[in-house]
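Please walk me through this model, one question at a time. Keep the answers short.

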Amino acid sequence: MEINQHSGTIFDIQGFSVHDGPGARTLIFFKGCSLSCFWCSNPEGISKSNIPLYYSAKCIGCGNCKTSCPNKAIQFIDEKPVIDRDICEKCPENTCIDNCYTDALRMSGRTISVDELFSIIQRDRQYWGKKGGITLTGGEPLTQVDFARDILEKCYNAYIHTAIETCGHVPWKNFKKVIDYLDWIFFDLKHIDPKQHKIGTGSSNANIINNIRKLNETFKGKLVFRLPFIPGYNSSKENLEGIASLISESKWKEINILPLHHLGREKYQLLGLEYKAACFPTPSSEDLKNVKAVFEEFGVTCFISQDTPF
Amino acid sequence: MDLKKTLSESVIYNYYGVKPEGEIQSREVKKSPSARVAKTRQMYFETKSSASVEFPYWYTRRWDELEGEIPIVRRAEALKAGFEHITPAIFPGELLVIGKAHYLRGSYPMPWLSEAFFMAQEDEMYKDALEAGKVSADKVTTIGQGGGNVTQSVGNVISLAGKFGFRKEEMPILLHIAKKWFNKSVDDVGHKYEQLVPGYKEKEEIMRAVICMFDSGYTLPQGREVMNYYYPLQYGIEGIKNICKEKLKQTAGYPDMDRLYFYKAVHTMLEGLQSWINNHAEETKLMASLEEDEKNKTEYLEIAERLYWLANNPPRTFHDALQMVWIFHVAVLNEDAISGLSPGRLGQVLYPFWKRDMEKGLLTLEKTHELLECMRMKFTELDCFASMGVVGGVLSGNTFNNLCIGGLTKDGESAANELEILILDSAMTCATPQPTLSLLYDEKLPEEFLLKGVECTKIGTGYPAWVNNRVAMEFLLNNFKNEGLDIEEARAWSIGGCLETSAGSWMPLELDGVTHYIPGGSAPATSVGVHFISLPKVLEAVLFDGLDKRTGRRVYPSHGYKLESYDEIWKAFKEYFSLTVEVLTLTNNIQHDVWGKISPSIINSMLKPDCLEKGKDISKKGSRYNRTFNVEICGGVNLVNSLSSIKKNVFEEKNFSMDTLKTVIIENFGYISASETGAYSLTEQMKTTDYRTWLKIHKQCLDAPKYGNDDKYVDDIFKEWQKWFSVMCENYASLYNEPLYSCQISVSTHGPMGAVTLATADGRLSGTTFADGSVSAYPGTDKNGPYALFSSATCYNHALSQNSQLNMKIHPSVIQGREGARKFLELIKAYLRKGGFHVQFNIVDSRMLKDAQKNPDKYRGLMVRVAGFTQYWVELGKQIQDEVIARTEYAEI
């Protein structure tokens, strides 16, 4: 068999995922994202390099991490390590992790070859059942487009159902590389207003909207829009109508609303980051009912949370 | 020790996926029983386990009178006297009646099996009896924390074994009759002959070191088997007596005279049962005469009429048949100390009766449902009075009456039927531990049936367990071919006890001139033989050259290896393990032989084909299939993980030496040993002041490849162990001169056996519980999700062994809704298609279990799956509770 040398960086593989595509699926979380949404529930996936997570409850303050770090990225304040993550981003070593005997430091992210990943998928496919397949998510899978294409191509040719969850904020040429090997796209929308989009995600939405139009012309598979619903950020009727109108112009008429949750909060602590979405409330069922009504007025079928279109 | 610090909670909760937050999520599906059964269930909840001296008194008295009589006839007479003198008790609202004793949760000790406990505790029991009255009333409330267990003596009630309440005034009688069995019980006589086995000294040490959990012959000589109800359903009691009378004529005076005595014994026993049933009928009639409510009065009269009828005749209706099944189930349980007496494929046994009643319009779906709920209560009320360590340490108070559904018919078609759907329904509305359900999965079973099973699993009671029909058939065909088991008979199998594959037969039930082939057990007790060998403890002995390092006593002779290579470790392990199996096989054979001579089974023998044909009881190979002795193990995953760590750390990467490993094992990785703190639970381990010394090595042990992650390194070790184990068992012959086979269930032994085992090379701390089941990962070490776990679990052929056991904990949100149900079924099917033998689920939010530990009163009805059985949370020991909490929870992804 031909050995595939391509490799990529991922931070998790999860089997028996039941909410990201038809059937039970294996999810592959790519590292690196072209947006940085403040509510992101996988913040460890934003940076493209491997980064240490710090579990303070397990830390005994022994100082091994500090003494073992070749780049002096760790200082001790109040007997606890404080990590300079700008230095860590560039560090290819694992010394601090290896020398932490209590597992207070754990590496998020690892390099994996296409072949290794594919063998895990081949294993998992025996357990998916009638439907099922893979979903590339992350991070933004299309930031590692060659790796994504290789794995999608291999799966597609092996009769595996393929899906991707994308924020859409990548050059069109990246989409072009993968759409022939995709059965399904989850396409995230955050805000219709470019300025607000930039405030919430760090970038304007012009490129994203452009990509939707192009996909509409060229992609033959199924596409489901997704909207992370953040009350107080993108919950205005105006914004919802804008998004609904954009969708109604496309050939795909389904949206899956993902209500804000705070399950990712702990991860911000592990990364030493501030969780800016903390002050945003999770939506009430009344809120969600209203959202549904807006979309349905535009002829867009709206699925809330786990009530999915598959 | 100022650094005392317990492990943080985050260590104890093990999640795969997103850790659940917010409100504790309760189980999705909740149902309640019919009004009638809601009342009887409440009555059950408020009832304590109670033991009585009535049966043993009459048994012993009659036994004494008949000195010199042929043993089996003497025993039949003694049993008959016991049955005749049970005070009949009928409880309000019951549609099915009769229990083991005259208490709702009644049972009684059987000193003829073993009286040692009572003799040893004599003084203490007298003292207890005297002290009991002094316990103040406020202490009574704490007893409620154990559910129905009588955990301490109070008022006029003595606590036996921390479980059974016993009347103070009956204590002198119990001690009096116990003394009569001194030097005569199976235990005492067996013990005498066991000592003639070369290597008996090692056996004693093996038991003392708790490398083996208990002697099967003295504790639970029967059970882990499947009932066969064919004869009473077909012939009725009078009919069977007539068969005996015919047989007596044919055998009297002819060679092989043991047959004559057997038929005589069966005939005698049946007379005893007739009196027992008639006594209950009388009592019911009496209750009818006292009842003012017309409806209740009618019900009582109907019950009385049914009992009078069944005392002589075969059943006329479904209700009759169910009552008959129940009568014989209790009759067998009253004959011996038994746990794991499974009704088997009852929905298929009773189907012809049910179908006929439904067609005739004699029965409705609602009435069937109510009757099945009543049946659940009767099974749940059963208690097992065995020797003390067994009730708590092994069984967690469970009686393992496994009811199987699904599987195939004699002709190889799906055997699932509408009555089985109702059995599932009633198990959802009346969720009680007994009978537990197992679904014999086959590709031929209809989808709607399987989805009903999924719906029931969602209730969260842990049943049905999902069991692989094809794997079991392969196992049976491999192991019973010499006794003539063919593919048709292989299809008649069922689970006996918690998870023991048991051979069955098809019996021709004639009803209105039509023959229905009904399945039933046709082999005696399995899981007798070598009972629960603690694999990590054997490995410990290897490392310390034959010593039990905890006590300093020598268990095995020195193995003489320097342990300079992994191969030497593996060789020494195989030698010690083989020695253990050999000596335990021989001593257990003696135990069971003595049991068969002093305390043979009469009713159960009569029921099992082909004892009645052959005129031989089950201890004389009267059954159709007799290869039932096995070797049971516990802690296999900890063994394999430890071997993996030794191989990698000591020999390949040379991270530390063998001596260092021995030191850290003794030092318990810098934790205070559980035997010092008295806290054996995973949650309660405390660090010593110098724990930092061992941190690096502990991490290296914890980081070594672990079973359950689809890691070839350790899975290969697992596979090698499995293959060797299944083959080596065949080197030993049972009492019936059949080779042994391997059996892999932990029941609750992974708690107490872990408690006496030092730290292990896989990083597990001293005294803590082992991994449960046989292919469940050690809590928290299965980090790559369920698919990786499934791949590891199926790395060898499960049909090599009588069973394998996989327990999983799943958060309720994962399988929510209609789509969740369908995906859940796909997951189960996938595992079984890969060759997994068994999987069962706890559908529960771990935080709910934690809350239930703190507030047991709020959770009287909460049930969890342990290892092959479902039990009330409040009736489990804390070690096992903590182990269940610590299991990796597959949370929402």
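Questions and answers on the two chains follow.

This is a predicted model: local features need pLDDT of at least 70, side-chain atom pairs count only at pLDDT 80 or more, and totals for chains, interfaces and linings use all residues. Residues are numbered from 1 along each chain as its sequence is written, while chains are lettered from A and ligands numbered from 1 in the order in which they are written.

Reader: What is the radius of gyration of chain A?
Author: Chain A has 11 helices and 13 strands; these are DSSP runs, helices being H or I of at least four residues and strands E of at least two, numbered from the N terminus. The globule rule (2.2 Å times the number of residues to the power 0.38, with the radius taken over C-alpha atoms) gives 19 Å for 310 residues. Chain A comes close to that, so it is as compact as a globular protein of that length, with a radius of gyration of 20 Å.

Reader: Which element gives the most to the side of chain A that touches chain B?
Author: The contact takes 19 residues from chain A and 26 residues from chain B; two residues are in contact if their C-beta atoms, placed from the backbone, lie within 7 Å. On chain A, strand E1 (7-17) and helix H4 (114-128) each supply at least two residues. With five residues, the top contributor is H4(A).

Reader: Which strands are at the edges of the open sheet in chain B?
Author: Strands pair if DSSP finds at least two bridges between them. Four strands of chain B form this open sheet with mixed pairing, in the order E3-E2-E5-E4. Each edge strand pairs on one side only; they are E3(B) and E4(B).

Reader: Which residue in E5(B) does Ser159(B) stand opposite?
Author: E4(B) and E5(B) (residues 164-167) pair in the antiparallel sense over four bridges. Opposite Ser159(B) stands Gly165(B).

Reader: How many residues of H24(B) are buried?
Author: A residue is buried if 20 or more other C-beta atoms lie within 10 Å of its own, exposed if 12 or fewer, and partly exposed in between, with C-beta atoms placed from the backbone. Among the buried residues of H24(B) are Lys537(B) and Glu540(B). The helix, residues 535-543, is mostly covered, and its buried count is nine of nine.

Reader: Which residues in H8(B) meet H3(B)?
Author: The axes of H3(B) (residues 54-65) and H8(B) (residues 171-180) come within 10 Å and cross at roughly 35°; axes are lines fitted to C-alpha atoms over the stretch in contact, and angles run from 0 to 180 degrees between N-to-C directions. H3(B) brings Pro56(B), Tyr57(B), Thr60(B) and Asp64(B). From H8(B) come Ile173(B), Ile177(B) and Lys180(B).
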